[in-house]
Every structure is written in structure tokens, then in C-alpha cells.
Amino acid sequence: MPRIYFLILALAFGGLNAAFAQFGFSHEIGVIVGPVALQSDYGERHDLSTNAGNTGIGVGIIHYLNFSYKAECNCYARETFFNDHFKVRTELSYSKTNLQHFGKWVDDSKTSVTAQQLRNMRGSTAITNIGMQLEYYPLSIRDFTVSNGSWAPFVSLGAQFSHYNPEAKSTTGPLTIINTPVKYRDAFKNESGTVWSVVSSVGTRYKLNEMSDLMVDLRFQYYFSDWVDGLRPNPDRYPENKANDWLVWLNFGYIYYLN
């Protein structure tokens, strides 16, 4: 993805944050890392070995707008339901997942040419995301902020713009008509692209001390494309592969209060 796209997006989010800051909000920054499981056209649907095998790692930088605290006066804002229960999170993240086929169709007992071709297929995709989420905290943000050792569960919903870079190949070399299963002929791309996605998560913060929190959240991210993994079998002939790609990401994070 051209760097200018990320620069434009970063400037847009930076401008939005600066605009919010003029109204007296405070800021938090953090880092996240954790395992990613990509649900794609590799492997058998609803198969545990597929879910466990097609995994990778993700990292990210996050920023929060805290509406309950005013940075310019180091004081709390006038309490409202919104500023005591919501935060806006912006994020730049990256994940890399290695992919292959799992399940009964590639079991060692299968000796057909197709089974061997499936066993030999390998893939990967690298995904970079930038976007925003609105986080809702059912418990008071103010009470959490002043209580070391407390917990603050939350749920969130948002959207992200993603750049993906997939690679599909075989252990015998590049995919050709000879080593590619019929299902995936003319159904793979080793080309990067961009896509929008919807993101939802559930998690909690733990108040480590006055200026920092620990965080864990479980994310579901649905992409509005079936090409994120580089494969898209004909959905009319293979309805088991008609769904778009999506992932689950378990995040562990550290958050620092700037103000």
C-alpha cells in the first residue's frame, strides 16, 4: 500500500484528536500484542485443527480520548453519562498469519492427487489496519481511575481500513495447473489490496497504578472481502467457501495516561 495513504489517514486521525483536545479531553497511549486466528478459505470449516493451526501474531499502537478528564486544568470534566462510560480508541496494528489446509480432506489416510496437492499448499497474509472504535464501560470510568487494583470491563464497536498482502504457493513451488487443486485454480491472487472491516471486542482493564493500566480484549474483525487470504473459490460451486474472511485476535496491552 502506498505510504501516502497511511500518511493521509494518520493526518486525518491526528486532526480529529487535535480537534477533540481543544474541548479539554485527555489522552492515553498504549501497545498491544497477541495471537491471531484467521478464518479463511484454508482448511475445513468448523474444524479445531484449522482454527488452531492457522494462527499468527499481531501487534499494535493504540490511542484513547478520555472524556472524563480535562488535560488543560488537570481536573475532571462535568459528569455526564457519556464521559463517564465511553472512550474513543484509535489504532494502528499489524498481523501476520501463516496458512495451510487442515481437516479430514488432508488426512494422511487420503492418497489421492487432490489430497496431496492440498497438503502441499501453503499461504500467508500480512494485514495492516488503521481505524477507530467506541468503547463502552458499564462501570464508572471515574471510579476506576482513582482505584488501584480495580477492573473496568468494556465492549466496543468500530471500523478499520486494512491493507493486506497475501501469498499462496506450494511446497513444490509456485502454484500452477499441475500442483493446484481444481477448486483453487483461477481462484488465488498473490496481489495486495485494501478493504474495510468492522471490529467488535470485549475485554477489561486492570488499574496498575495512577498512570497506567493493563488490558486484555478478545476481538472479532470481519473483512468485507474474501481475498484477504489470497484465495476465493467460486462461491456458487463451493458454497462452503462463500463467507468473507474474518479473524479473532486476543490482545494483551499496556496503557499509559499522558495527562
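How many salt bridges does a search of the whole structure find? The search finds 9, and they are a useful way into this model, which is predicted. The report begins with three of these pairs, then turns to the strands that carry many of the residues concerned, and ends with the nonpolar core, the nonpolar surface patch and the surroundings of one helix.

**Salt bridges**

The table sets out three pairs with the separation of their closest N and O atoms.

| Pair | Closest N and O atoms | Burial |
|---|---|---|
| Glu-135 and Arg-89 | 3.1 Å | both buried |
| Arg-219 and Glu-91 | 2.5 Å | both buried |
| Asp-213 and Lys-207 | 2.8 Å | both buried |

The salt bridge between Glu-135 and Arg-89 links distant parts of the chain, since Glu-135 belongs to strand 6 and Arg-89 to strand 5, with their positions 46 residues apart in sequence. The salt bridge between Arg-219 and Glu-91 also links distant parts of the chain, with Arg-219 in strand 9 and Glu-91 in strand 5, 128 residues apart. Asp-213 and Lys-207, both of them buried, belong to a network in which salt bridges that share partners join Glu-28, Lys-87, Arg-205, Lys-207 and Asp-213.

**Pairing of the strands**

Strand 5, residues 86–100, pairs with strand 6 in the antiparallel sense over 15 bridges, and within this pairing Thr-90 stands opposite Met-132 of strand 6. Strand 5 also pairs with strand 2, again in the antiparallel sense and over 11 bridges, and here Gly-56 has Thr-97 of strand 5 as its bridge partner.

Strand 2 is joined in turn to strand 1 by 12 bridges, the two strands running antiparallel, and Ser-26 stands opposite Asn-66 of strand 2. Strand 1 pairs with strand 10 as well, in the antiparallel sense over 10 bridges, and the bridge partner of Ala-37 in strand 10 is Val-248.

Is strand 1 largely enclosed or largely open? Because 10 of its 14 residues are buried, strand 1 is largely enclosed by the rest of the structure.

**Nonpolar core and nonpolar patch**

The largest nonpolar core has 29 residues, and among these Met-215 and Leu-247 touch the most other members. The elements that each give two or more residues to this core are strand 1 (26–39), strand 2, strand 6 (121–136), helix 5 (141–145), strand 7 (151–170), strand 9 (212–223) and strand 10.

When neighbours within four places in sequence are left aside, Leu-247 is in contact with Val-36, Ala-37, Leu-38 and Gln-39, and also with Ile-127, Arg-219, Phe-220, Gln-221 and Tyr-223. One of these contacts, Arg-219, is the residue that forms a salt bridge with Glu-91, while another, Ala-37, is the bridge partner of Val-248 in strand 10.

On the surface, Val-33, Ile-57, Val-59, Tyr-94, Val-155, Val-202, Leu-218, Leu-250 and Phe-252 make a nonpolar patch of about 730 Å². Strand 2 (55–66) and strand 10 (246–257) each supply at least two residues of this patch, and both strands also give two or more residues to the largest core. Phe-252, a member of the patch, has its place in strand 10. Phe-252 has a relative accessible area of 44%, and it therefore counts as partly exposed, a class that lies between the limits of 20% and 50%.

**Helix 4 and Ser-170**

Helix 4, residues 113–120, has Ala-115, Gln-117, Leu-118, Arg-119 and Asn-120 as its buried residues, and what covers them includes strand 6 and strand 7.

Ser-170 lies in strand 7 and has a relative accessible area of 6%, so it is buried, the limit for that class being under 20%. Not counting residues up to four places away in sequence, Ser-170 touches Asn-120, Met-121, Arg-122, Leu-175 and Asn-179, and Asn-120 is one of the buried residues of helix 4. Ser-170 and Leu-118 are 52 residues apart in sequence, and their C-alpha atoms are 8.7 Å apart in space; Leu-118, like Asn-120, is among the buried residues of helix 4.

Notes: Residues are numbered from 1 along each chain as its sequence is written. This is a predicted model: local features need pLDDT of at least 70, side-chain atom pairs count only at pLDDT 80 or more; totals for chains, interfaces and linings use all residues. Side-chain values use heavy atoms; hydrogens and water are left out. Patches are made of residues with over 30% relative accessible area and no salt bridge: like charges are joined within 9 Å, nonpolar side chains (Val, Leu, Ile, Met, Phe, Trp, Tyr) within 5 Å. Accessible areas come from the Shrake-Rupley method with a 1.4 Å probe; for residues, only the protein chains shown count as cover. A salt bridge is a side-chain nitrogen of Lys or Arg within 4 Å of a carboxyl oxygen of Asp or Glu. Helices (H or I, at least four residues) and strands (E, at least two) are DSSP runs, numbered from the N terminus. Buried means under 20% relative accessible area, exposed over 50%, partly exposed in between (1.4 Å probe, protein chains only). A nonpolar core is a set of buried Ala, Val, Leu, Ile, Met, Phe, Trp, Tyr and Cys residues joined through side-chain atoms within 4.5 Å. Contact means heavy atoms within 4.5 Å. Two strands pair if DSSP finds at least two bridges between them.
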